[in-house]
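Biologist: Could you take me slowly through one part of this model, namely the places where charged side chains pair up? I would like to see where the partners sit and whether they are buried or exposed.

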Amino acid sequence: MEDRAAAPVRTESSRPDIAGPETPQEPFPIHLYGAVQRGFGRGSKELGCPTANLPDDSIAPMSSVTQTGVYYGYAQVSREKDGRVVLPEEDGRVLPMVMSLGRNPFYKNEKMTAEIHIMHDFKADFYGHDMKAVVLGYIRPELDYTTREALIEDIETDKRVAITSLARSAYEQYQRDAFFDLNGTSTKL
């Protein structure tokens with residue numbers, strides 16, 4: 001096991017409503033791609049925030065140029081799985097997302113993960129579907145928490161900060177990035 005510094009513990013303080021400069025700055029945008037994998041199963045059940053986990057090899061472009069923490073951007077899930085269209089059209093749109101990159105110190109994970117929460121109410125799960133994400137900015141460092149409620153409160157704040165941050169025109173344009181399937185008729189990514 002590698003030695004690593006402990007994550008700072010969350011302290012009571014106000015958080016800004018917006019993160020990042022007016023336009024994405026280096027190293028952003030960062031493009032990620034991979035098939036959605038099963039994670040620990042805590043996002044939906046314990047935190048009320050379902051996440052899509054990317055394979056380890058797909059997070060290398062991100063983990064090599066950034067620090068652990070919470071990020072925002074856009075993501076798109078393929079409607080097709082195993083050669084069949086299984087998700088409705090609205091589930092295949094490019095949607096806002098917030099992503100945790102790190103080891104989740106509250107849960108004492110040993111392995112780095114990228115967990116993406118797409119801000120949309122999906123009709124079904126999409127394990128095994130291809131997913132693309134464009135990461136555009138950084139919200140905050142990875143923190144440890146003394147209670148699950150404090151973690152949930154920060155997750156909800158992260159979602160609000162992501163939506164507000166993406167509402168700027170320089171960020172909104174990435175919803176139409178050529179990396180995504182933009183014609184709306186393709187079921188694959």
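Modeller: A salt bridge here is a side-chain nitrogen of Lys or Arg within 4 Å of a carboxyl oxygen of Asp or Glu. Please keep in mind that we are looking at a predicted model. By this rule, the model holds 5 salt bridges, and I will go through some of them in turn. Side chains of opposite charge can pair when their charged atoms come close.

Let us begin with Arg15 and Asp154, whose side chains form a salt bridge with an N to O distance of 3.1 Å. Arg15 belongs to the segment before strand 1 (30–35), while Asp154 is part of helix 3 (residues 148–166), so this pair ties together parts that lie 139 residues apart in sequence. As for their surroundings, Arg15 counts as partly exposed, with a relative accessibility of 25%, whereas Asp154 is buried, its relative accessible area being 4%; the word buried is used because that value falls under 20% relative accessible area.

Helix 3 also carries Asp158, which forms a salt bridge with Arg140, and here the closest N and O atoms are 2.8 Å apart. This pair, too, links distant parts of the chain, since Asp158 sits in helix 3 and Arg140 in strand 8 (residues 130–141), 18 residues apart. Asp158 is buried, with a relative accessible area of 3%, and Arg140 is buried as well, with a value of 9%. If you now put these two pairs side by side in the view, you will find that Arg15, Arg140, Asp154 and Asp158 are linked in a network of salt bridges.

Another salt bridge joins the side chains of Arg168 and Glu22, with 3.7 Å from N to O. Arg168 lies in the loop between helix 3 and helix 4 (169–172), and Glu22 in the segment before strand 1, which places the two partners 146 residues apart in a pair that links distant parts of the chain. Their surroundings can be told apart as follows: Arg168 is buried, with a relative accessible area of 9%, but Glu22 is exposed, with a relative accessible area of 56%.

As you trace these pairs, then, you can follow the segment before strand 1 to helix 3 through Arg15 and Asp154, go from helix 3 to strand 8 through Asp158 and Arg140, and return to the segment before strand 1 from the loop between helix 3 and helix 4 through Arg168 and Glu22.

How values were computed: Residues numbered from 1 in each chain as written. Predicted model: local features only at pLDDT ≥ 70, side-chain atom pairs only at ≥ 80, totals over all residues. Heavy atoms only, no water. Helix = DSSP H or I, 4+ residues; strand = E, 2+ residues; numbered from the N terminus. Buried < 20%, exposed > 50% of the residue type's maximum accessible area, 1.4 Å probe, protein only.
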